[in-house]
Amino acid sequence: MSTIDMVDYGQLPAVRIRSADGAQAIVTLYGAHLVSWQGADGAERLFCSAASRLDGSRAIRGGVPVIFPQFAERGTGMRHGFARVATWRVQESGAGFAVFALENSDLPAALAHAWPHAFALTLRVEVNGAALALALKVANTGADAFAFSAALHTYFLVGELARVRIGGVQEGALQIDDKFDHIYRGVDGAMTLAGGSATLRLAQSGFTDAVVWNPGALDAAALNDMQDAEYRRFVCIEPALIEPLTLAPGAAWRGAHTVSIEP
Ligand SMILES: O=P(O)(O)OC[C@H]1O[C@H](O)[C@H](O)[C@@H](O)[C@@H]1O
């Protein structure tokens, strides 16, 4: 069986993508937010907070938020941009994949007003046995250039934060035990994440940077959409394009993120 169907995720309509070999992903239309990914082994690989709102009133805490057109507070617009709080459409689907789309004309007036550019975003989500492939495309469909940043703010589920080892971002493995927030610039090779139920191999293209983030105990306690102890259950490794890129009219940019489960 290889199909997509509509399911509810909390109060949010979502698309479930299944591959013939038993992998599956769930993506809410709110944010084109990948909230669950399981390889054919049936193990969940993404963290989603039990305290997250799932009603469209604020961004989902976990999964893979799509960050566009600004990263964090590096800009004058909404923190981490509006893509994660906008409602996307299903543009296409097939064996083990779906493509989600968002254009400026889909935005509520207030958001469209605050970022008055003509754009077309697509996010392609594909799963098969032991791999997840995400591809974000940003196209300038207007008559004027615009600048944007983007990221796929992936929350990986781990067994215990202190046992996590991240390879490929620095000399030797990176270990984290509490608050950590760092942008690694010019990341081009593969990264690895050990500390979940299997080692994951991460690769990215188009995205020039990788952000590694965990709020740590104090900041997690201050977040009202995360339970206090949950910070020990995830690490964010985010393919990112931090420095704003200027896109000419008619031009497009593509960023890809693939995650493979090591046997
Ligand atoms: O709470 P959010 O708006 O989802 O942001 C969560 C985090 O995102 C990124 O990883 C940033 O580097 C962090 O500084 C930020 O705290």
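Two strands are taken to pair if DSSP finds at least two bridges between them. In this predicted model, strand β1 (residues 3-9) and strand β2 (residues 12-18) run antiparallel and are joined by seven bridges. Within this pair, Met6 of β1 stands opposite Val15 in β2. The two strands form a hairpin with two residues between them, and Gly10 in the turn has a positive phi of about 60°.

Overall, the secondary structure of the protein consists of two helices and 18 strands. The radius of gyration is 17 Å, close to the 18 Å that the globule rule gives for 263 residues, so the protein is as compact as a globular protein of that length. The C-alpha trace spans about 50 × 40 × 35 Å along its principal axes. Of the 263 residues, 41% are buried. Among contacts between residues at least 6 apart in sequence, 61% join residues at least 24 apart.

Nonpolar side chains tend to be buried together in soluble globular proteins. The largest nonpolar core in the model has 74 residues. Its largest share, eight residues, comes from β17. The residues with the most contacts inside this core are Ala25, Val27, Leu46, Phe156, Val212 and Ile237. For Ala25, leaving aside residues up to four places away in sequence, the residues touched are Ile17, Leu34, Ser36, Trp37, Val125, Val127 and Leu132.

Strand β18 (252-261) takes part in two further antiparallel pairings. Strand β9 (residues 131-140) pairs with β18 over nine bridges, and here Ala139 stands opposite Ala252 in β18. Strand β15 (residues 200-205) is joined to β18 by six bridges, with His257 in β18 as the bridge partner of Gln204. The loop between β17 and β18 contains Gly250. Gly250 has 10 other C-beta atoms within 10 Å and is therefore exposed, the limit for that class being 12 or fewer. Although Gly250 and Gly142 are 108 residues apart in sequence, their C-alpha atoms are 7.2 Å apart in space.

The ligand is surrounded by Ala72, Arg79, His80, Asp181, Val211, Trp213, Cys236 and Glu238. Strands β16 (209-214) and β17 (234-247) are the elements that give two or more residues to this shell. By class, the shell has four nonpolar, one polar and three charged residues. Strand β17 thus appears both in the ligand shell and in the largest nonpolar core.

The loop between β5 (66-67) and β6 (89-94) contains Pro69, and both Ala72 and His80 lie in this loop as well. Most residues other than glycine have a negative phi, and most peptide bonds are trans. In this loop, phi is positive at Ala72, with a value near 45°, and at His80, with a value near 60°. A cis peptide bond joins Phe68 and Pro69, with omega about 0°. Ala72 and His80, both among the residues that surround the ligand, fall into separate burial classes. A residue is buried if 20 or more other C-beta atoms lie within 10 Å of its own. His80 is buried because 23 other C-beta atoms lie within 10 Å, whereas Ala72, with 18 such atoms, is partly exposed.

Key:
Residues numbered from 1 in each chain as written. Predicted model: local features only at pLDDT ≥ 70, side-chain atom pairs only at ≥ 80, totals over all residues. Near = placed C-beta within 6 Å. Helix = DSSP H or I, 4+ residues; strand = E, 2+ residues; numbered from the N terminus. Nonpolar A, V, L, I, M, F, W, Y, C, P; charged D, E, K, R; others polar. Rg over C-alpha atoms; globule rule 2.2 N^0.38 Å. Contact = placed C-beta atoms within 7 Å. Core = buried A, V, L, I, M, F, W, Y, C linked by C-beta atoms within 7 Å.
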